[in-house]
Number of protein chains: 2
Amino acid sequence: MELDKLRYNWIDVEDDIRLYASSLGICSRRIPMDDRRSMCCLPVTVFPSPMERSTFQLAINLQPSINEMIHKISINHQFLEQSLLKLPDEFVAKLFHIYQTVSKQGYAASHQLGIFRSDYMIDQHSNLKQVEVNTISTGFCALTQQVTQLHRYTLKHYQGLSDDQINGHIATNDSLDRVAQSLIDAHRIYSGTDQHSAILFVVQEQEANVMDQKMIEWKMKSLSPDIRIYRRSFRDLDHGIISLGPNQQLLLTTIDKTQVEISVVYFRAAYSSSCFGYENSWKLRLLLEQSRAIKCPSIQLQLAGVKQFQTLLSDRAIFDRFCCSSSPHSDKLFNTYTKFWNISQSARDLVIKNPSEFVLKSNQEGGGNNVFGEQIIDKLDRILSNNENDAYFLMQFIRQKAIKSLLIFKQPPPSSATTSVACQPPPYNQIDSELGIYGSVLVETNGHHIVWNQNAGHLLRSKLSGEKEAGVFSGAGILDTPFLI
Amino acid sequence: MELDKLRYNWIDVEDDIRLYASSLGICSRRIPMDDRRSMCCLPVTVFPSPMERSTFQLAINLQPSINEMIHKISINHQFLEQSLLKLPDEFVAKLFHIYQTVSKQGYAASHQLGIFRSDYMIDQHSNLKQVEVNTISTGFCALTQQVTQLHRYTLKHYQGLSDDQINGHIATNDSLDRVAQSLIDAHRIYSGTDQHSAILFVVQEQEANVMDQKMIEWKMKSLSPDIRIYRRSFRDLDHGIISLGPNQQLLLTTIDKTQVEISVVYFRAAYSSSCFGYENSWKLRLLLEQSRAIKCPSIQLQLAGVKQFQTLLSDRAIFDRFCCSSSPHSDKLFNTYTKFWNISQSARDLVIKNPSEFVLKSNQEGGGNNVFGEQIIDKLDRILSNNENDAYFLMQFIRQKAIKSLLIFKQPPPSSATTSVACQPPPYNQIDSELGIYGSVLVETNGHHIVWNQNAGHLLRSKLSGEKEAGVFSGAGILDTPFLI
């Protein structure tokens with residue numbers, strides 16, 4: 001989608017969109033975070049990116065099956081153990097140790113909440129290809145709803161589309177509402193009519209993407225003003241600030257020295273080893289898990305999101321154990337898996353023949369850990385000689401159809417920006433996009449009854465073709481939305 | 001209104017309010033403006049400030065009479081000339097020259113739009129005391145509506161007030177909606193059913209308070225998507241970019257070299273000599289005034305806001321010439337005037353006796369030009385010896401009842417802000433407040449029929465007691481709202 005460059009002065013347009021995005025909260029703290037009062041607009045595409053409606057709808061349709069598969073993996077102790085314990089991954093091993101400890105002691109929590117996001121690329125033949133399923137701290141659920149609003153504005157005012165036309169091409173995105181409502185509903189299931197318990201957001205000590213999290217908090221407060229919400233890092237929770245009561249209640253000592261019972265722990269940290277820098281983080285993670293509070297996610301739901309399961313589920317026999325074959329979507333879901341190889345000498349031989357056909361992926365979450373092309377060989381050599389402790393696996397590189405797009409990066413426009421001299425848009429960029437579908441699932445811990453299993457909105461992140469990572473903070477990711485055609 | 005410091009950690013509260021304010025657009029560009037992508041939250045009070053309902057309501061009730069008085073002054077050529085030409089004020093003289101030129105040529109515009117703001121202090125006996133009436137570029141009409149929303153949030157979540165209680169104490173503030181609608185309505189009157197004309201915002205080359213202006217633009221676009229709006233500085237309009245057509249149409253040459261007819265010129269610049277730094281600014285201001293476009297404000301409405309009129313209208317005989325004595329509000333309005341003195345040796349003698357009872361005010365708009373206390377004598381000596389060219393007048397200092405308030409300044413919290421160590425609120429400050437009431441008036445230029453004369457919301461700005469200026473950008477002003485009691 002192009003801007004009518006004869007009609008619009010680019011500097012005016014960029015300033016307008018950047019400020020409009022800021023007024024919608026599509027911004028983050030400035031990095032480095034020495035000045036906490038300053039916010040800057042996150043990178044966004046000027047217009048939404050075209051996507052086939054059927055492809056988008058398929059991804060939406062598949063999500064409940066994915067939610068259910070994650071749940072089924074999470075309750076299969078033997079499969080978790082077999083799959084994860086052999087991984088040379090210290091982070092997974094530590095998570096697994098918490099899981100073992102808690103499952104031996106017996107789960108105190110009656111329920112567990114998952115807010116997942118399944119990420120896809122769309123290949124050159126318009127096939128959905130699953131990149132990963134995130135089961136912890138799935139970000140941008142608030143901001144993506146705002147980007148949908150931003151793109152409705154740009155379509156209306158820079159493309160002249162009517163509301164009806166926009167409604168026909170832009171899917172409703174209620175990710176913020178759904179995630180906030182899921183947390184509220186989990187809180188209600190824990191607390192019943194008792195109004196005294198509170199929700200705990202476990203957050204990083206330094207968090208640039210704070211607006212995405214605060215918007216969930218504000219939405220929850222607007223929907224249920226009685227719910228109290230606390231944001232605490234592991235460091236904040238140490239020294240007895242968080243503790244267990246006689247019935248495994250999770251108790252947070254607040255500023256007035258009273259203890260508040262926590263109903264739901266929502267993790268926006270603890271997704272990778274980098275989140276455990278504080279010395280007692282792991283002890284605190286265990287303590288949280290031992291409590292009666294509903295964890296979003298529980299340790300077993302987090303483990304079920306380890307990327308190793310992608311490689312395992314691409315084996316149809318294993319896939320069929322976890323995806324009900326009677327599901328109308330099972331074949332379609334299986335087709336979203338791409339080819340995987342475990343690390344071996346023969347895998348190395350494959351890569352040498354055609355390095356650009358592969359990507360070496362790490363189990364670590366948070367982006368920035370993938371290796372591409374020629375660099376895979378060096379990395380494989382270090383892994384094969386046991387000089388690397390993290391778990392990796394090899395995946396077929398997904399070749400996408402590049403789309404032409406006009407981008408607003410973080411960089412500022414020239415400081416002499418108020419000028420009427422005709423200022424042309426920058427060159428259009430070729431971008432690749434990654435579609436994320438959110439799902440929400442609440443399950444009973446014992447008996448494994450699924451209380452709800454639902455969709456929860458979507459995310460589109462784009463990046464310059466050739467860039468390796470689509471993470472908005474870790475890499476070159478740009479917030480986008482799908483324009484359905 | 002106090003924060004329950006036993007219940008809330010101040011660092012959490014400050015961060016929450018600062019981010020919530022940012023998400024509502026209560027922010028400005030960072031100064032210096034080297035980095036146009038960064039925005040920072042403007043200073044706000046945590047809670048609204050108490051105000052007697054009857055005092056607030058009186059200010060609201062007076063506004064239509066004030067709108068009408070400004071109009072009556074603007075059409076009284078003899079009074080304008082007598083009052084302004086003797087002023088030793090180069091800025092006013094230049095405005096007057098434009099007015100004379102245009103009135104001799106005959107006004108091309110059929111209508112003129114005023115968006116005014118009458119500012120008041122409330123003295124220790126709860127009396128409204130008018131500080132000034134602004135008739136050009138009355139700022140914060142968008143942001144004050146957002147601060148009302150922010151304070152509804154803080155009252156609900158940090159004071160536990162119900163929606164009903166909040167509705168009982170917080171007046172509806174629709175200043176953004178009203179100002180946007182006034183500009184749209186003026187555009188419709190100019191253009192009728194012709195959809196091709198556009199609105200021109202005349203803005204400063206460097207503008208920190210851009211969000212307040214962009215919000216008006218976005219509100220207008222959402223109400224009337226067909227209206228095109230251009231933001232241009234004087235520099236942007238030079239070199240033939242703006243010109244007059246054969247019927248005095250105001251024509252803006254756009255980026256594609258076509259000419260767009262301008263329906264309404266909305267000045268968010270041109271309010272003080274500092275806005276005329278670009279060499280051809282005055283020529284361009286004249287050209288705009290000569291056009292058929294509806295100016296907001298016209299040169300005569302701008303002139304009617306010169307502060308000199310405050311001193312003149314505090315004479316009851318003059319007041320009665322401009323305020324219909326049959327108006328139910330005329331006595332009440334007259335009582336809002338405080339005592340004024342023109343600059344003279346006898347005024348100097350008065351000040352020497354009790355300097356703290358006076359303030360020396362300049363005609364210049366934009367804040368930061370007042371002189372207080374002992375410093376008045378030095379300034380008066382320079383004025384009396386004719387070494388100063390700007391117009392000043394002496395006003396009785398209005399002593400206010402200080403209110404205790406909790407403030408969020410621009411300064412960042414400590415960088416080690418994520419800590420659970422009990423962090424107390426900063427000391428409460430004593431503040432003074434200034435209430436602004438917006439009004440909107442559209443008049444026919446010939447015949448002087450008033451098409452509409454209405455209220456358009458309100459603004460409350462506070463400052464630390466003892467601070468001299470309440471300007472949010474020029475001084476120590478803090479955005480606030482009234483809590484009616």
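**Reading a two-chain predicted model**

Analyst: Let's start at one spot between the chains: B:Lys214 forms a salt bridge with A:Asp16, and their closest N and O atoms are 2.8 Å apart. Please keep in mind that this is a predicted model.

User: Thanks! How should I read a salt bridge, and what is the count between chain A and chain B?

Analyst: The general idea is that side chains of opposite charge can pair when their charged atoms come close. Here, the count between chain A and chain B is 8 salt bridges. There are also 15 residue pairs in polar contact between the two chains, counting pairs with both residues at pLDDT 80 or more.

User: Which elements of chain A supply residues to the side that touches chain B?

Analyst: At least two residues each come from helix 1 (10-23), strand 2, helix 5 (143-158), helix 8 (210-223) and strand 8 (228-232) of chain A. Helix 1 of chain A gives the largest share of that side, with 8 residues.

User: How many residues of each chain are in contact, and what is the area buried between them?

Analyst: In chain A, 55 residues are in contact with 55 residues of chain B. The buried area is about 4900 Å², and carbon and sulfur atoms give 53% of it. On the chain A side, the residues that lose the most area to chain B are A:Arg36, A:Arg37 and A:Ile255, together 17% of what that side buries.

User: Now for sheets. What is the order of strands in the open sheet that has strands from chain A and chain B?

Analyst: To read a sheet, follow its order from one edge to the other. This one has 4 strands in the order 1(A)-2(A)-2(B)-1(B), and the pairing is antiparallel. Strand 1 (27-29) of chain A and strand 1 (27-29) of chain B are the edges; each has a single partner strand, so one side of each has no neighbour in the sheet. From one strand to the next, the twist averages 40°.

User: How many bridges join strand 1 of chain B to strand 2 of chain B, and which residue stands opposite B:Cys27?

Analyst: These two antiparallel strands are joined by 3 bridges, with strand 2 of chain B covering residues 38-41. Opposite B:Cys27 you will find B:Cys41, in strand 2 of chain B. A helix belongs in this picture too: helix 1 (residues 10-23) of chain B lies across strands 1 and 2 of both chain A and chain B, at about 125° to strand 2 of chain B.

User: Which strands are at the edges of the open sheet with the order 13-16-14-15 in chain B?

Analyst: That sheet has 4 strands with antiparallel pairing. Its edge strands are strand 13 (340-341) and strand 15 (371-372) of chain B, each pairing on one side only. Strand 13 of chain B pairs with strand 16 (residues 392-396) of chain B over 2 bridges, and B:Trp341 stands opposite B:Leu394 in strand 16 of chain B. Helix 16 (residues 375-384) of chain B packs on this sheet, touching strand 14 (358-362), strand 15 and strand 16 of chain B.

User: How many salt bridges does the structure hold over all chains, and which parts of chain A does the pair A:Asp177 and A:Lys219 link?

Analyst: Over all chains, the structure holds 52 salt bridges. One of them joins A:Asp177 and A:Lys219, with the closest N and O atoms 3.2 Å apart. This pair links distant parts of the chain, helix 7 (residues 175-191) and helix 8 of chain A, with the two residues 42 residues apart.

Definitions and conventions. Residues numbered from 1 in each chain as written. Chains lettered and ligands numbered in written order. Predicted model: local features only at pLDDT ≥ 70, side-chain atom pairs only at ≥ 80, totals over all residues. Heavy atoms only, no water. Pairing = 2+ DSSP bridges. Axes fitted to C-alpha atoms, helices over the stretch in contact; angles between N-to-C directions. Contact = heavy atoms within 4.5 Å. Buried area = accessible area lost by both parts, 1.4 Å probe. Salt bridge = Lys/Arg side-chain N within 4 Å of Asp/Glu carboxyl O. Polar contact = N/O pair within 3.5 Å; in protein donor to acceptor, adjacent residues only side chain to side chain.
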